[in-house]
Amino acid sequence: MASTKLKNILRVIDRNLSENNISYALIGAMALSMYGLPRYTSDIDILVEESCRSLMLSIMKRLGYECFQQNDSFAQFDSELGVLGKIDFMFVSTPDGKEILGNKIVVEDPLTGQFPVVQPTDYIVLKLMAIANNPDRSASDEADIISVLEIYKKKQLPEQFDSIDKEKILRFAEWFGLKKKVMNIFKDVFEKNEPGNVFFL
């Protein structure tokens, strides 16, 4: 779950991006919370188009943030002494990436307000890309994928989100060289037998 401070910061970021017509969507732990999977987080992860990078950098600087690391695909920000919390931006520039951003849905959280969030299928695609790019993180990313699939299987995914698109996930998994891994995840989640009653003495 995000702290009150982080939620307040998100409102500020949302207002500034919206005022400058920068389309964005939440990813990471905050997206998980919108799916019904509250997860503690100390940062905000945001997806934006690469074409907005320069404007976004100037906005973040004006808000008191410094970019401490960036490359072609992301930029990470922090404020002096970490007072404002960390913000990570991921950039998309390909048609597939822009489609993921375009598929976002605005979700209202009673505690935080209304914010755009990536669809669960696209969240899984982004997690698979993260695994392909950095296998050292695969355990935590794979656990997040499984969590999303399990709430979908249990029909606990909020109804405003689209159903999980297994074919799309498999298509990207094959592209990332992770099809076998995803097939095993699907098998574990969707084909495993639910445990019966367990008794203890």
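Analyst: A definition to start with: two rings of Phe, Tyr or Trp (its six-membered ring) count as a pair if their centres lie within 6.5 Å. Please keep in mind that this is a predicted model.

User: Thanks! With that rule, which residues do ring pairs link into a cluster?

Analyst: The rule asks for ring centres within 6.5 Å. Linking residues through such ring pairs gives a cluster made of Tyr35, Tyr123 and Phe161.

User: How many aromatic pairs does the count come to?

Analyst: Here the cut-off of 6.5 Å between ring centres is applied to Phe, Tyr and Trp. By this rule, the number of aromatic pairs is 8.

User: What is the angle between the planes of Tyr35 and Phe161?

Analyst: The ring centres of Tyr35 and Phe161 are 5.1 Å apart, and the pair is edge-to-face. That label requires planes over 60 degrees apart. For Tyr35 and Phe161, the angle between the planes is 85°.

User: How many residues apart in sequence are the parts that this pair of Tyr35 and Phe161 ties together?

Analyst: Tyr35 is in the loop between helix H2 (28-34) and strand E2 (43-49). Phe161 belongs to the loop between helix H6 (138-153) and H7. The pair therefore joins parts whose separation in sequence, in residues, is 126.

User: Tyr35: buried or exposed?

Analyst: Buried means under 20% relative accessible area. Phe161, its ring partner, has 6% and meets that cut-off. Tyr35 has 0% relative accessibility, so Tyr35 counts as buried.

User: How far apart, centre to centre, are Tyr152 and Phe190?

Analyst: Tyr152 and Phe190 form another edge-to-face aromatic pair, with 80° between the planes. Tyr152 lies in helix H6 and Phe190 in helix H8, so this pair ties together parts 38 residues apart in sequence. Both residues are partly exposed, Tyr152 at 25% and Phe190 at 23%. Centre to centre, the Tyr152 and Phe190 rings are separated by 6.3 Å.

User: Which residue lies over the face of Phe190?

Analyst: There is a charge over this ring, at 3.8 Å from the ring centre. The charged end of that residue also sits over the ring of Phe186, 6.0 Å from its centre. The residue over the face of Phe190 is Lys166.

User: Are H7 and H8 roughly parallel or roughly antiparallel to each other?

Analyst: The axes of helix H7 (residues 166-175) and helix H8 (residues 179-190) come within 8 Å and cross at roughly 150°. An angle over 145 degrees counts as roughly antiparallel. H7 and H8 are therefore roughly antiparallel.

User: How many nonpolar residues does the contact of H7 with H8 have?

Analyst: On the H7 side, the contact involves Lys166, Ile169, Leu170, Ala173 and Glu174. On the H8 side, they meet Lys179, Val182, Met183, Phe186 and Phe190. By class, the contact of H7 with H8 has 3 charged residues and no polar ones, and its count of nonpolar residues is 7.

User: Which residue of the loop between H6 and H7 has a positive phi near 60°?

Analyst: Most residues other than glycine have a negative phi. The residue in question is not a glycine, yet its phi is near 60°. At a relative accessible area of 76%, this residue is exposed. It lies in the loop between H6 and H7, and its name is Lys155.

User: What is the phi of Asn21?

Analyst: Asn21 is found in the loop between H1 and strand E1 (24-27). Its relative accessibility is 72%, so Asn21 counts as exposed. Although Asn21 is not a glycine, its phi is positive, at about 55°.

User: Leaving aside neighbours within four places in sequence, which residues is Asn16 in contact with?

Analyst: Asn16 is found in helix H1 (residues 4-19) and is buried, with a relative accessible area of 5%. Met60 is 44 residues away from Asn16 in sequence, and their C-alpha atoms are 9.1 Å apart. Beyond its neighbours within four places in sequence, Asn16 is in contact with Ile59, Arg62 and Leu63.

User: Which residues does Pro158 touch, not counting residues up to four places away in sequence?

Analyst: Pro158 lies in the loop between H6 and H7 and is partly exposed at 22% relative accessibility. Contact here means heavy atoms within 4.5 Å. With residues up to four places away in sequence not counted, Pro158 touches Met34 and Tyr35.

Key
Residues are numbered from 1 along each chain as its sequence is written. This is a predicted model: local features need pLDDT of at least 70, side-chain atom pairs count only at pLDDT 80 or more; totals for chains, interfaces and linings use all residues. Side-chain values use heavy atoms; hydrogens and water are left out. Axes are lines fitted to C-alpha atoms, for helices over the stretch in contact, and angles run from 0 to 180 degrees between N-to-C directions. Helices (H or I, at least four residues) and strands (E, at least two) are DSSP runs, numbered from the N terminus. Angles under 35 degrees count as roughly parallel, over 145 as roughly antiparallel, 65 to 115 as roughly perpendicular and the rest as oblique. Ala, Val, Leu, Ile, Met, Phe, Trp, Tyr, Cys and Pro count as nonpolar, Asp, Glu, Lys and Arg as charged, and the others, Gly among them, as polar. Rings of Phe, Tyr and Trp (its six-membered ring) pair if their centres lie within 6.5 Å; planes under 30 degrees apart count as stacked, over 60 as edge-to-face and the rest as tilted. Buried means under 20% relative accessible area, exposed over 50%, partly exposed in between (1.4 Å probe, protein chains only). A charge sits over a ring if NZ of Lys or CZ of Arg is within 6 Å of the ring centre and within 35 degrees of the ring normal.
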